[in-house]
Amino acid sequence: MLEELQKVTSHPTAADLYEIIRKRLPKISLGTVYRNLELLVENQTIQKLDMNGAEARFDGNPARHCHVRCSVCGRVGDLHSVAPDPLKQKIKKIKKIKKSDGWEILGYRIEFEGTCPDCQKES
Ligand SMILES: [Zn+2]
Ligand SMILES: [Zn+2]
């Protein structure tokens with residue numbers, strides 16, 4: 001399963017991945033796919049991407065990198081030209097939030113939005 005996930009760069013949902021794996025392992029259940037994905041996330045072998053309320057997607061690449069979502073077709077891509085932590089330099093400032101706003105910040109998530117190369121061709 002890990003192999004299938006590392007082959008694709010489409011950041012599939014669990015259901016997408018189930019469809020891919022079922023071609024090779026017709027007897028596998030969706031529950032098994034979910035369980036295995038959660039285990040791989042716990043081991044930090046893969047990443048789970050929480051997409052602003054949409055269904056979670058999975059990424060076979062565990063390294064930190066930025067993601068962009070196409071506002072036309074909804075696909076999720078990797079942004080290799082953007083630093084993985086654009087806010088890293090500002091982390092010291094973020095720590096001051098607790099003083100001014102009272103919140104303890106545990107992390108942040110950046111999701112870019114745009115139009116993918118395929119959708120640009122079509123318009
Ligand atoms: Zn698109
Ligand atoms: Zn990715």
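## Sheet, helix pair and core

Three strands form an open sheet in the order 4-3-5, with mixed pairing. Strands are DSSP runs (E, at least two residues) and helices are DSSP runs (H or I, at least four), numbered from the N terminus. Two strands pair if DSSP finds at least two bridges between them. This is a predicted model: local features need pLDDT of at least 70, side-chain atom pairs count only at pLDDT 80 or more, and totals for chains, interfaces and linings use all residues. Residues are numbered from 1 along each chain as its sequence is written, and chains are lettered from A and ligands numbered from 1 in the order in which they are written.

**The sheet**

Strand 4 (76-79) and strand 5 (111-114) are the edge strands, and each pairs on one side only. From one strand to the next, the twist averages 35 degrees. Angles run from 0 to 180 degrees between N-to-C directions, and axes are lines fitted to C-alpha atoms, for helices over the stretch in contact.

Strand 3 (residues 66-70) runs parallel to strand 5, joined by four bridges. With strand 4, strand 3 pairs in the antiparallel sense, also over four bridges. Some of the partners are listed here.

| Residue in strand 3 | Partner | Partner strand |
|---|---|---|
| Cys66 | Leu79 | strand 4 |
| Val68 | Gly77 | strand 4 |
| Arg69 | Glu113 | strand 5 |

His67 stands opposite Glu111 in strand 5. His67 and Arg69 make up the covered face of strand 3, while Cys66, Val68 and Cys70 lie on the uncovered one. The hairpin of strand 3 and strand 4 has five residues between the strands, and Gly74 there takes a positive phi near 85 degrees.

**The helix pair**

Helix 2 (residues 14-24) packs on helix 3 (residues 30-42) at an angle of about 115 degrees, with the axes 10 Å apart. Ala14, Leu17, Tyr18 and Ile21 of helix 2 meet Leu30, Val33, Tyr34 and Leu37 of helix 3. Residues are in contact if their C-beta atoms, placed from the backbone, lie within 7 Å. The residues of this contact are eight nonpolar, no polar and no charged. Here Ala, Val, Leu, Ile, Met, Phe, Trp, Tyr, Cys and Pro count as nonpolar, Asp, Glu, Lys and Arg as charged, and the others, Gly among them, as polar.

**The core**

Which residues form the largest nonpolar core? Its seven residues are Met1, Leu5, Leu17, Val33, Leu37, Ile46 and Phe58. Such a core is a set of buried Ala, Val, Leu, Ile, Met, Phe, Trp, Tyr and Cys residues joined through C-beta atoms within 7 Å. Buried means 20 or more other C-beta atoms within 10 Å of the residue's own, exposed means 12 or fewer, and partly exposed lies in between. Phe58 touches Leu5, His11, Pro12, Ala14, Leu17, Leu37, Ile46 and Lys48, not counting residues up to four places away in sequence.

**The whole chain**

The protein has six helices and five strands. Along the sequence, the pattern is α-α-α-β-β-β-β-α-α-β-α. Of its 123 residues, 12% count as buried.

Key: Two residues are in contact if their C-beta atoms, placed from the backbone, lie within 7 Å.
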